[in-house]
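Visitor: Please take me on a close look at one part of this model. I would like to see how the helices of chain A pack, and then how that part sits in the whole.

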Amino acid sequence: MMTTWCRWKSDKVLLNGELFFQCDKNNTEDMALQLYRFLKIDYPKFHKMDSLSKTGFLLTEIIKTRVDISRFADDEIAMVFANNHSCSETDVKFEHSYLEDKTPSPALFVYTLPNIVTGEISIRNKWYGESSVYILPAFDAGFFENQAEILQAHTKALMAGWLQLLPETDAFIYFAEKTAEEPFSTKKILQAYHSL
Amino acid sequence: MKVYLGAESIISPSGNAEECFDKIKEGIVGVKNYAGRGFNKESFCLSSFEHHNFSFTQLLKDIILQSVKCFDEKVLTSDKTLLIISSTKGDLSKGYAQALTAPATAIQKDLQLKHFPLIISNACASGVMAINAAAHLLQKKKYEHIIVAGIDLISDFILYGFQSLYALSNEASKPFDKDRKGINLGEGAAAIVVSTQSSAFKNECYRWLGGCTAGDANHISGPSRTGEGLYRSVIATLKESGLTNSDIDFVSAHGTATLFNDEMEAIAMNRLNMQHIPLNSFKGFFGHTLGAAGIIETAMCIQSMKKNVLLRSVGYDDCGTSVPLHIIEKNTPEKINTVLKTASGFGGCNASLIIQKNS
C-alpha cells in the first residue's frame, strides 16, 4: 500500500497532502538548495548533481522523514522513475560545453542519462535493489500500477514517481510497501498526483 | 506463464544478424578507424554506417518490420501487442526534450500501433532491461506479444562525451585483453519479439527464464571494484530462473574494453564461481551500441544457440584481468542450451537475463 507521498509542483512541496515547504522568492538561492538547507542534510555530493538528480534525491529525503527505511534490507526497496523529457536540461548544458565553451565537460556528460538519479539515490542510501527509468509522454498512474504489480515478486517496497522538470517542476514520488494483507495498491496515486 | 523470444533481427554497419554471425566466425573486424571524428580532430575506431541517409525513425521502423516479419505481421496493430523502445539518447535531431518521445510518436502513427511505445532509458543496461520488462509484463498478462527494439546512433554529443572521459580507443577494441585501451562506439538497431505464444514464431524460438537488475550503490560513472551490482543481479536472475551457475553453458558479457569495466566483470564472474564458463564480448565486433547493445547481443546469443557455435571474443589475445575468465579464443562447435547475458551501465545499474533452448 502507498504509505507516504511527496508532491513538488512549481514553488510548493506537499508531504502527504500537507504543505511541507514553500520557496522563498526573496532568497537568491534556487529552490533545490533552499530545500536542501531546510532538510538540514550534510551531503556534499548533492552540490555536484544535475537538476534531475537533485529533484529525485530531495523528494526521497523528504519521504524518509516519515518512513523508517532501516526496516528494509539493502535490496528490498526498488525504484521506478519516469518523465517525458529525459535529462534534456543537462543535455543542453553539455552541448554548450563543447559548442560554446570549446571543452566537452565530463562532469556534465555523466549526468546526460536519465537513470543517473537512481544511481545517486542508491549511493546515498546504499540500496542495491531493482531500479529503472522510463520515458512516458505524460504522467500515467496505470504505468506505475503495472510496475508495482511486476515488482511485487522481487521487492518489499517501492520508491516510485514522476520527475518532470519542464516547463516547470512537476514532480511526485511515493513510497509503497507490500503488507501481508495487501499487496502494492497504488490506486491513490492519481488522487495524490492531482492534489496540486 | 512461459515466455518465448525469437525473430531476432539486427541492422548494423556490418549487416544483419546472419551476416554478423558469419563475419565474426570468419574473423572479419566490424570496426574501422575514422580520421578526424574526435573533438580536436582525433581519430577513433568506430562501427559506423558509411552512407548515412536514413533517419532514426526510419531505422527504427525498418528493424521493427524486419523482426515482426519473422513472427506474425498481423499482431503489429493488435491491442494485445506493445512496442518497447530501448535507447539512451534517441533522435537528437528532434531536440533534446523530444529526442525519445518524438520517434515513438511517429512510429505509433506510422505503424498504427494501438499503444504508445514504452521507452526505457537506463544507460547501457537498457537493452537487457527492456527484454526483461517485456517478459515481466507478459507474465502479468498485460499483453500477449511485445516487440523490443533497441537503437542508438553515433553523434558528436556521444562521441565528445566519451572522449571527455578518456574512454575511447583509436584502435580496434580488445575486451578483457591485457592491452585493452577503451571503447569503440558503435551504432545500429536490433529487435526481438517476446511472446506468450511459441507457435506464432515462424522460426525457432527460445525460452526466457528470468532477468533482474541490481545497483552498485557505489559511483555514477565508475563500475564497482567488487562487482557487487553485477553479482547481485546474476544471483537474482539465477534464482528467478530456477537454475544454478552450473546450468549456464555460455556467458555473453558486457565487455566494453575499458580497464575498469572488464576488471569488474572478471571479479563478479569469479565471485559467482562462473569463471570457467565460456564467455565472450560482442563489442570487439559491433563496438558499444549503448541502448541497442543488450538487444544486439541477445540476438547474437540466439544466433549462437541456433547454430551451436561458441563465437570467439573479437580482439582478445591475452588475459588482462586480475582474476581469470574462460574467454572464447576460437570458434567452437558446442551444443548451447542455456545462456546468461549481462550488461552494466552508468548510474551503477547492472542487468542480466537467462534464455534457454525450447525443448
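Guide: What follows starts with chain A, goes through its helix pairs, and then moves on to chain B.

This is a predicted model. Chain A has seven helices and seven strands. Read from the N terminus, its elements follow the order β-β-β-α-α-β-α-α-α-β-α-β-β-α. The radius of gyration of chain A is 17 Å, and the globule rule gives a close value of 16 Å for 196 residues, so chain A is as compact as a globular protein of that length. Its C-alpha trace spans about 60 × 35 × 35 Å along the principal axes. Of the 196 residues in chain A, 47% are buried. Now take the contacts in chain A with a separation of 6 or more. Residues 24 or more positions apart account for 65% of them.

Now for the helix pairs. Start with helix H1 of chain A, residues 31-38. It packs on H2(A) at an angle of about 30 degrees, and the two axes are 11 Å apart. An angle under 35 degrees counts as roughly parallel, and H1(A) and H2(A) are therefore roughly parallel to each other. Their crossing is left-handed. Who makes the contact? H1(A) brings A:Ala32, A:Leu35 and A:Tyr36. H2(A) brings A:Ser51, A:Lys54 and A:Leu58. By class, the residues of this contact divide into four nonpolar, one polar and one charged.

Stay with H2(A), which covers residues 51-64. It also packs against helix H5 of chain A, residues 116-125. Here the angle is about 40 degrees and the axes are 8 Å apart. That angle makes H2(A) oblique to H5(A). The crossing of this pair is right-handed. On the H2(A) side, the contact is made by A:Leu52, A:Ser53, A:Gly56, A:Phe57 and A:Thr60. On the H5(A) side, it is made by A:Ile116, A:Val117, A:Glu120, A:Ile121 and A:Arg124. Sorted by class, these are five nonpolar, three polar and two charged residues.

H2(A) thus has H1(A) as one packing partner and H5(A) as another.

Next, the side that faces the other chain. The contact between the chains takes 41 residues from chain A and 40 residues from chain B. H5 of chain A appears here again, as one of the elements that each supply at least two residues of the side touching chain B. The others are helix H3 (88-99), helix H4 (106-109), strand S5 (131-135) and helix H6 (141-151). This side of chain A has 19 nonpolar, 15 polar and seven charged residues.

Zoom in on one residue of H3. A:Phe94 lies in that helix. It counts as buried because 25 C-beta neighbours lie inside 10 Å. Its C-alpha atom is 6.8 Å from that of A:Pro104, which is 10 residues away along the chain. Set aside its neighbours within four places in sequence. Then A:Phe94 is in contact with A:Ser105, A:Leu108, A:Phe109, A:Thr112 and B:Gly161. The last of these names belongs to chain B.

So much for chain A; cross over to chain B. Chain B has nine helices and 15 strands. Its radius of gyration is 19 Å, close to the 21 Å that the globule rule gives for 359 residues, so chain B too is as compact as a globular protein of its length. Its C-alpha atoms fill a box of roughly 50 × 45 × 40 Å along the principal axes. Of the 359 residues in chain B, 61% count as buried. Among contacts between residues at least 6 apart in sequence, 80% join residues at least 24 apart.

Chain B has a helix pair to look at as well. Helix H1 (residues 17-26) and helix H9 (residues 293-307) of chain B pack at about 70 degrees, with axes 10 Å apart. H1(B) and H9(B) are therefore roughly perpendicular to each other. B:Ala17, B:Cys20 and B:Phe21 of H1(B) meet B:Ala299, B:Met300, B:Gln303 and B:Lys307 of H9(B). By class, that is five nonpolar, one polar and one charged.

End on a loop. B:Pro278 sits between helix H7 (259-271) and strand S11 (279-280) of chain B. With 19 C-beta neighbours inside 10 Å, B:Pro278 counts as partly exposed, because buried takes 20 or more. Beyond residues up to four places away in sequence, B:Pro278 touches B:Phe250, B:Leu310, B:His326 and B:Ile328.

Terms used: Residues numbered from 1 in each chain as written. Chains lettered and ligands numbered in written order. Predicted model: local features only at pLDDT ≥ 70, side-chain atom pairs only at ≥ 80, totals over all residues. Helix = DSSP H or I, 4+ residues; strand = E, 2+ residues; numbered from the N terminus. Rg over C-alpha atoms; globule rule 2.2 N^0.38 Å. Buried ≥ 20, exposed ≤ 12 C-beta atoms within 10 Å, placed from the backbone. Contact = placed C-beta atoms within 7 Å. Axes fitted to C-alpha atoms, helices over the stretch in contact; angles between N-to-C directions. Parallel < 35°, antiparallel > 145°, perpendicular 65-115°, else oblique. Left-handed = near helix turned anticlockwise from the far one by under 90°. Nonpolar A, V, L, I, M, F, W, Y, C, P; charged D, E, K, R; others polar.
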